[in-house]
Amino acid sequence: MKILIMGTSGSGKTFLSKKFRQTGRNAFDADELDELHGWYNWEKKKVPFPKDAGKEFMENHEFLWSRRFLENLLKKNPNIYLFGHSGNIPEISDLFDKIYYLKVPAKILIKRLDHKTRKNPMGKTAFQKKMIIEWAKKNEKEAKTLDAEFIDGTLSSEEILKLIF
């Protein structure tokens, strides 16, 4: 079964993907698959993400997944848990048998984005955090249109594991 667990930056996807792997599940964090994702300008050219990305960058670029890479990954892994989110989830959602959405309140997202162990560069600046909170609202609506099953992202990893298995 091909399962997508999506959520906004700071919702716990990276943490949960590690927990799933520890239980022997075939789980991937999309952020660790460099060929899957990237930031693209409006000309559809891949560009590097600046650590201090501000308003100009964020409003003129989008984070997307490669459908071709994803199709190959899923072909090689018919039973997979993929943790991640991108701007083109609606266009690739048909590749998954089941979709979950990790819902986390804004205050907790910010706390997680500020956590000292977080390695992802997204969410480091005040503007990025503002954008993430806006995306969370958009992503939640998107998840509803995709018939994603909502999961309280503040639950423990053990509780989330039980809900998905």
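**Helix α6 and its surroundings in the predicted model**

At 44% relative accessibility, Lys 138 counts as partly exposed. This residue is found in helix α6 of a structure that is a predicted model. Lys 138 and Lys 76 are separated by 62 residues in sequence, and their C-alpha atoms are 31 Å apart in space.

Helix α6 itself comprises 20 residues, running from 126 to 145. From its first C-alpha to its last the helix reaches 29 Å, close to the 28 Å expected at 1.5 Å a residue. Its buried residues are Gln 128, Lys 129, Met 131, Ile 132, Ile 133, Ala 136, Asn 139, Glu 140, Glu 142 and Ala 143. The elements against which these buried residues pack include both strands and helices. The strands are β1 (2–6), β7 (98–103) and β8 (149–152), and the helices are α2 (55–59), α4 (89–92) and α5 (106–113).

The packing of α6 with α5 can be described in further detail. The two helices meet at an angle of about 140°, with their axes 10 Å apart. An angle of that value makes α5 oblique to α6. The contact is made by Ala 106, Leu 109, Ile 110 and Leu 113 on the α5 side, and by Lys 129, Ile 132, Ile 133 and Ala 136 on the α6 side. These four residues of α6 also appear among the buried residues of the helix. The crossing of α5 and α6 is right-handed.

The chain beyond α6 was examined next. Just after the helix, Asp 147 takes a positive phi of about 60°, although Asp 147 is not a glycine. The residue is placed in the loop between α6 and β8. With a relative accessibility of 67%, Asp 147 counts as exposed.

Two of the buried residues of α6, Asn 139 and Glu 142, also take part in contacts with His 85. His 85 lies in the loop between β6 (80–83) and α4. Its relative accessible area is 12%, and His 85 is therefore buried. The side chain of His 85 makes a polar contact of 3.3 Å with the side chain of Asn 139. A polar contact of 3.5 Å joins the side chains of His 85 and Glu 142. When neighbours within four places in sequence are left aside, the residues in contact with His 85 are Met 6, Gly 7, Lys 13, Phe 63, Trp 65, Asn 139 and Glu 142. Of these, Met 6 belongs to the range of β1 (2–6), a strand against which the buried residues of α6 pack.

A further helix pair is formed by α1 (residues 13–22) and α7 (residues 157–164). These helices pack at an angle of about 70°, and their axes are 10 Å apart. The helices α1 and α7 are therefore roughly perpendicular to each other. Phe 15, Leu 16, Lys 19 and Phe 20 represent α1 in the contact, where they meet Ser 157, Ile 160, Leu 161 and Ile 164 of α7. As with the pair described above, the crossing of α1 and α7 is right-handed.

Attention then turned to strands β3 and β4 and the loop that joins them. Asn 41 lies in strand β3, which covers residues 37–41. Its relative accessibility is 15%, so Asn 41 counts as buried. A polar atom of the Asn 41 side chain lies 2.9 Å from the backbone nitrogen of Glu 43. With neighbours within four places in sequence left aside, Asn 41 is in contact with Val 47, Asn 60 and His 61. Lys 44 occupies the loop between β3 and β4 (46–47). Its phi is near 65°, a positive value in a residue other than glycine.

Val 47, one of the residues in contact with Asn 41, has its place in strand β4. Whereas Asn 41 is buried, Val 47 is partly exposed, with a relative accessible area of 22%. Leaving aside neighbours within four places in sequence, Val 47 is in contact with Trp 39, Asn 41, Phe 57 and His 61. His 61 thus appears in the contact lists of both Asn 41 and Val 47. The C-alpha atoms of Val 47 and Lys 130 are separated by 22 Å, the two residues being 83 residues apart along the chain.

Conventions: Residues are numbered from 1 along each chain as its sequence is written. This is a predicted model: local features need pLDDT of at least 70, side-chain atom pairs count only at pLDDT 80 or more; totals for chains, interfaces and linings use all residues. Side-chain values use heavy atoms; hydrogens and water are left out. The expected span of a helix is 1.5 Å times one less than its number of residues. Buried means under 20% relative accessible area, exposed over 50%, partly exposed in between (1.4 Å probe, protein chains only). Contact means heavy atoms within 4.5 Å. A polar contact is a pair of N or O atoms within 3.5 Å; within protein, one must be able to donate a hydrogen and the other to accept it, and residues adjacent in sequence count only if both atoms are side-chain atoms. Axes are lines fitted to C-alpha atoms, for helices over the stretch in contact, and angles run from 0 to 180 degrees between N-to-C directions. Angles under 35 degrees count as roughly parallel, over 145 as roughly antiparallel, 65 to 115 as roughly perpendicular and the rest as oblique. A crossing is left-handed if the near helix is turned anticlockwise from the far one by less than a right angle, and right-handed if clockwise.
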